Amino acid sequence: MTHILGHDRCQLLLLPEAVDDYVGADNPVRFIDAFVDGLDLATLGFIGTVPKATGRPGYAPADLLKLYIYGYLNRVRSSRRLETETHRNIEVIWLLRHLKPDFKTIADFRRDNRAAFRAVFREFVLLCRQLDLFGRELLAVDGTRIKAVNNKDRNFTRASLRQYIDAADKRLADYLRRLDEGDVAEGGTGGGSRVHNLSEKIEAIRGKRDRLGSLLAELERTGESQISLTDPDSRAMAGHTRVAVGYNVQLAVDAKHKLIVEQEVTNQVVDMGLLKETAEPARVILGVERIDVVADRGYFKIEDIEACDNAGLTPHVPKPQRGPAVRNGFFRKDEFRYDPDRDVFTCPGQQTLAPHHYGKSRDLQKIDYSNPAACPACPLRPRCTTNVRRVSRLENEAVLDRMAERLKARPELLDRRRETVEHPFGSIKQWMNQGAFLMRGLDNVRGEFSLTALVYNLRRALNIVGIGAMIATVRG
C-alpha cells in the first residue's frame, strides 16, 4: 500500500487542459469579469479606454480594474503583491488571460483613475437596487477613523509647535550659557572639543527651530488648525479613537442587508455637520422622496438636522447632554418643559420662565428664558443654579422638538443603527484587514476607499443572491 501520488511534472499531456477548467462556475472571478465587461469605462471617467494610434500598446483599463477588484476582494491591495499574483494565481491568470502587468503599471492605474472608482461603486449600488437588496426605509449613518500614511510625530498643531519652539529656545539658551562658560574656562580662546560639540548642538537646535517656525508661519498663513508632513491632507483625529493621524470615513448603510449606499472620506475631525452631506446622496441613488435616517449624538447640530428635514430626510439623532448645567450637576435643559402656544418654559419647580433676552448664536436668533423673581426663594435652587437659571432656545428649535418626539416613539432605532452601520466597519477593518490607507492625499484615499466599499458590497451581494443570479442580472 502506498500514498496517493501526483503526476510527473515533466509528463507531457496529449490534450492540454484549458485554464477555464480550473475556475469553477461559482467562482467570484466570473462575476468580476462579467460586471466589468458590462461597464462603459469611458463614460465612468477611466483614462486610456481608447488606445493611441502610435507607440507601444498599453493595458486595457478593464483588465486592471478587474485585477484591483479581485485583489481587494482577497485582501491583496499592494501593487507589488498584485503583480506577484498575476504570475502564480490561477484565478488571476484566468481573469487577465495570462496578462502580467508590472507593479508600476498597476500602481499608476489606481492613482490616475482614483475619481473613476467612485463611479464604479455607484454602478454596483444601482445593480443592488435592481436586485431589490435595499429596504429603502431606513439609513444608518456613522463615521470611523482610518489611519493615514503619516506618523503622529510628523503632525503638528499651533499649540504643539509653540511648545516645541519654547523648548528649543530654552535648550538654546542653556547651550549658549554653557558655551560662554566654556570660553571662560579655556581662557577666552574658544577652543576645546567640549566647546566644539556645544557649537554643533547649537547649530542643530537653531536649524530645528527655524523649521518649526516655518511650519507655524504656514499654519498662520493658511488658517489651518494642524499640518502633516508625510500626508499633508491627513489630520490628527479625536483623542478617544485609536487612530492618531488619519481620515474620517462616512457611511450611509441601508438597514435591510447592511449594504453601503453612500460613502465619503473627509479630513474633518468630528462628525458634526456631515449628516445631510452623507445621507442625501444615498436618498437620491435609492430613488425615494423621503427616508428615515438615524445617527449617533456626534451628528447633533441643529442647522444640519433642519437641512435634513428640508431635503427629504427624516433625522433621528439623540441629543447629547452637554453645557455648563450638565457639567455642574444641575437640572438639564430637557427637564424644562416648553409650551409653544404660550412661548414659555416650566421649570422642575413648576415656575414659569418667560423670554427675557434676545441674542445671536451661529447666525441664529437665540432667546433666553428666565424668572429672576422666582429663583432666589426656590427650594430647588441648589440643584438648578447658583444665581438665576436661564434656558435658551434657538429660533428653529421646533425641528429638534419634533425629532425628540420621533425618537421617543421609536427608541429601538438607536439599537438598529448600531447593528447596521457597525457591520461594514467591522468587516472592513477586521475581515478585510483595511485599518490603514496605502495612499497619500485626500483624493487618492477617496479612490482607495471606493474600491473597499465596492468590494464589501460585492461580497455581501454574492452571499445573499449567489454568483449565478448576479451574472445573469449583469448580462441581462
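A salt bridge here is a side-chain nitrogen of Lys or Arg within 4 Å of a carboxyl oxygen of Asp or Glu. On that basis D271 pairs with R145, their closest N and O atoms sitting 3.5 Å apart. The two partners come from distant parts of the chain, 126 residues apart: D271 is in the loop between β6 (259-266) and α10 (275-286), and R145 belongs to strand β1 (residues 138-147). Both D271 and R145 are buried. The model is a predicted one, and a search of the whole structure turns up 32 salt bridges. As a general point, side chains of opposite charge can pair when their charged atoms come close.

A second long-range pair is made by E397 and K333, whose side chains meet with an N to O distance of 2.6 Å. Here 64 residues separate the partners in the chain, with E397 in the loop between β13 (390-394) and α13 (398-409) and K333 in the loop between α12 (324-327) and β9. The two ends of this bridge fall into separate accessibility classes. E397 has a relative accessibility of 6%, so it counts as buried, while K333, at 25%, counts as partly exposed.

The bridge between R418 and D415 is a local affair, with 3.1 Å from N to O. Both residues lie in helix α14 (residues 412-431), three residues apart, or about one turn of the helix. Neither end is buried: R418 is partly exposed at 45% relative accessibility, and D415 is partly exposed too, with a relative accessible area of 47%. Salt bridges also join up into something bigger than a pair, as R118, R122, E262, E264 and R446 are linked in a network.

Back in the loop between α12 and β9, D334 is worth a look. This aspartate is partly exposed, at 45% relative accessibility. What does the side chain of D334 touch? One polar contact, of 3.3 Å, joins it to the side chain of Q321, and another, of 3.1 Å, joins it to the side chain of R332. D334 can also be placed relative to C347: the two are 13 residues apart in sequence, and their C-alpha atoms are 9.8 Å apart in space.

Other aspartates turn up earlier in the chain. D63 is in helix α3 (residues 61-73) and is buried, with a relative accessible area of just 7%. Its side chain makes a polar contact of 3.2 Å with the side chain of R97. D20, by contrast, is in the segment before α1 (28-37) and is partly exposed, at 37% relative accessibility. From C-alpha to C-alpha, D20 is 9.2 Å from E91, although their positions lie 71 residues apart in sequence.

Then there is the backbone. Most residues other than glycine have a negative phi. H98 goes the other way, with a positive phi of about 70 degrees although it is not a glycine. This histidine is found in the loop between α5 (90-96) and α6 (103-112), where it is partly exposed, with a relative accessible area of 48%. D343 does something similar, its phi being positive at about 55 degrees, and again the residue is not a glycine. D343 lies in the loop between β9 (337-339) and β10 (344-346) and is partly exposed, with a relative accessible area of 26%.

On the surface, positive charge gathers in a patch made up of R171, K201, K208 and R211. Which element gives the most to this patch? Helix α9 (residues 193-222) does, with three residues. K201 is placed in that helix and counts as partly exposed, at 41% relative accessibility.

Definitions and conventions:
Residues are numbered from 1 along each chain as its sequence is written. This is a predicted model: local features need pLDDT of at least 70, side-chain atom pairs count only at pLDDT 80 or more; totals for chains, interfaces and linings use all residues. Side-chain values use heavy atoms; hydrogens and water are left out. Patches are made of residues with over 30% relative accessible area and no salt bridge: like charges are joined within 9 Å, nonpolar side chains (Val, Leu, Ile, Met, Phe, Trp, Tyr) within 5 Å. Accessible areas come from the Shrake-Rupley method with a 1.4 Å probe; for residues, only the protein chains shown count as cover. Lys and Arg count as positive and Asp and Glu as negative; His and the chain ends are not counted. The place of a charge is taken as NZ of Lys, CZ of Arg, CG of Asp or CD of Glu. Helices (H or I, at least four residues) and strands (E, at least two) are DSSP runs, numbered from the N terminus. Buried means under 20% relative accessible area, exposed over 50%, partly exposed in between (1.4 Å probe, protein chains only). A polar contact is a pair of N or O atoms within 3.5 Å; within protein, one must be able to donate a hydrogen and the other to accept it, and residues adjacent in sequence count only if both atoms are side-chain atoms.
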